[in-house]
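Work through the exercises below with the structure open beside you. Try each task before you read its solution.

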Amino acid sequence: MEMTRIARRARLLAGVTVAMMIALPVAAVAVLATGGVDSETLRATYGIRTMPDDIGTGPTFVWLWVETLRMALVLWVLWSVRRWLAACAQGAIFAADTARHVQRIGSGLLVLAAAHVIGNTVIVAALTWHNPAGQRSLAIGFGSAEVLLILAAGLMTLFGWIQSEAARLSAENEGFV
């Protein structure tokens with residue numbers, strides 16, 4: 001594949017990434033503003049059987065805080081993807097900085113997997129905190145989403161190391177010429 005095709009596709013994907021970085025928070029705010037999140041939605045989303053209809057300010061704040069942190073992590077990963085794509089669009093495919101962007105994407109995906117497991121546990125505990133004794137929940141779940149995030153994190157990190165080695169070899173070859 002010639003360099004102009006790589007640059008063209010990288011620019012296109014960088015634009016799509018920026019659009020996602022804008023659309024995700026806007027959609028989240030729109031859902032919150034239109035009342036799209038209620039007790040029934042939270043029960044279904046987090047698999048909670050017994051939960052008060054009025055969860056209170058504290059659990060709502062905990063839920064919002066955890067989801068905001070996870071959204072920030074997603075946005076950081078997307079920002080790293082955008083930076084990597086922008087570097088590729090400028091022709092810096094075999095540069096050390098470009099490899100570091102890929103490694104950061106892998107690290108971000110791994111942290112996101114951990115935040116998903118820990119975040120769901122904290123949210124379920126907070127949402128059931130006002131239940132009567134014996135009906136509170138502490139759910140720790142590890143499913144296919146977490147497995148895929150960990151796999152993607154490992155692959156991106158490995159690809160970053162490979163790209164780092166390619167950057168080293170490219171710089172070494174440039175030194176001989």
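## Exercise 1: Leu 69 and its surroundings

Task: Decide how Leu 69 is classed, buried, partly exposed or exposed, from its relative accessibility.

Solution. Leu 69 has a relative accessibility of 40%. Buried means under 20%, and exposed means over 50%. The value of 40% lies in between, so Leu 69 counts as partly exposed. This is a predicted model, so every value here is computed from predicted coordinates. Next, place the residue: Leu 69 sits in helix α3. Finally, relate Leu 69 to Ala 19. The two are 50 residues apart in sequence. In space, their C-alpha atoms are 20 Å apart.

## Exercise 2: The overall fold

Task: State how many helices and strands the protein has, then judge whether the protein is a compact globule or more spread out.

Solution. Start with the elements. The protein has five helices and zero strands. Along the sequence the pattern reads α-α-α-α-α. Now take the radius of gyration, which is 21 Å. For 177 residues the globule rule gives 16 Å. The value of 21 Å is well over that, so the protein is more spread out than a compact globule.

Then look at the dimensions. The C-alpha trace spans about 75 × 30 × 20 Å along its principal axes. Burial comes next: 31% of the 177 residues count as buried. Last, check the contacts with a separation of 6 or more. Residues 24 or more positions apart account for 75% of them.

## Exercise 3: Two helix pairs

Task: Work out how α1 is oriented relative to α3, roughly parallel or roughly antiparallel.

Solution. Two packed helices are described by the angle between their axes and the distance between the axes. Helix α1 covers residues 3-33, and helix α3 covers residues 57-89. Their axes come within 8 Å. They cross at roughly 165 degrees. An angle over 145 degrees counts as roughly antiparallel. Therefore α1 is roughly antiparallel to α3. The crossing of α1 and α3 is left-handed. Their contact involves 23 nonpolar residues, one polar and two charged.

Task: Repeat the steps for α3 and α4, and find the angle at which they pack.

Solution. Helix α4 spans residues 96-127. It packs against α3 at an angle of about 170 degrees, with the axes 9 Å apart. The angle makes α3 roughly antiparallel to α4. The crossing of α3 and α4 is left-handed. By class, the contact of α3 with α4 holds 22 nonpolar, seven polar and four charged residues.

## Exercise 4: Ile 93 and Gln 163

Task: Find where Ile 93 lies, and which residues it touches beyond four places in sequence.

Solution. Ile 93 lies in the loop between α3 and α4. Its relative accessibility is 15%, so Ile 93 counts as buried. Beyond four places in sequence, Ile 93 touches Met 3, Ile 6, Cys 88, Thr 98 and Gln 163. Phe 61 is 32 residues from Ile 93 in sequence. The C-alpha atoms of Ile 93 and Phe 61 are 43 Å apart in space.

Task: Now follow the contact to Gln 163, and decide whether Gln 163 is buried or exposed.

Solution. Gln 163 belongs to helix α5, residues 144-176. Its relative accessible area is 5%, so Gln 163 is buried. Leaving out residues up to four places away, Gln 163 touches Trp 84, Ile 93, Thr 98, Ala 99 and Val 102.

## Exercise 5: Trp 76 and Ala 152

Task: Which residues does Trp 76 contact, leaving aside neighbours within four places in sequence?

Solution. Trp 76 is in helix α3. With a relative accessible area of 38%, Trp 76 is partly exposed. Apart from those neighbours, Trp 76 is in contact with Arg 104 and Gly 108. Leu 155 is 79 residues from Trp 76 in sequence. From C-alpha to C-alpha, Trp 76 and Leu 155 are 18 Å apart.

Task: How far apart in space are Ala 152 and Ile 105, C-alpha to C-alpha?

Solution. Locate Ala 152 in helix α5. Ala 152 is partly exposed, at a relative accessible area of 27%. Ala 152 and Ile 105 are 47 residues apart in sequence. In space the distance between their C-alpha atoms is 9.3 Å.

Terms used
Residues are numbered from 1 along each chain as its sequence is written. This is a predicted model: local features need pLDDT of at least 70, side-chain atom pairs count only at pLDDT 80 or more; totals for chains, interfaces and linings use all residues. Side-chain values use heavy atoms; hydrogens and water are left out. Axes are lines fitted to C-alpha atoms, for helices over the stretch in contact, and angles run from 0 to 180 degrees between N-to-C directions. Helices (H or I, at least four residues) and strands (E, at least two) are DSSP runs, numbered from the N terminus. Angles under 35 degrees count as roughly parallel, over 145 as roughly antiparallel, 65 to 115 as roughly perpendicular and the rest as oblique. A crossing is left-handed if the near helix is turned anticlockwise from the far one by less than a right angle, and right-handed if clockwise. Ala, Val, Leu, Ile, Met, Phe, Trp, Tyr, Cys and Pro count as nonpolar, Asp, Glu, Lys and Arg as charged, and the others, Gly among them, as polar. The radius of gyration is taken over C-alpha atoms; the globule rule is 2.2 Å times the number of residues to the power 0.38. Buried means under 20% relative accessible area, exposed over 50%, partly exposed in between (1.4 Å probe, protein chains only). Contact means heavy atoms within 4.5 Å.
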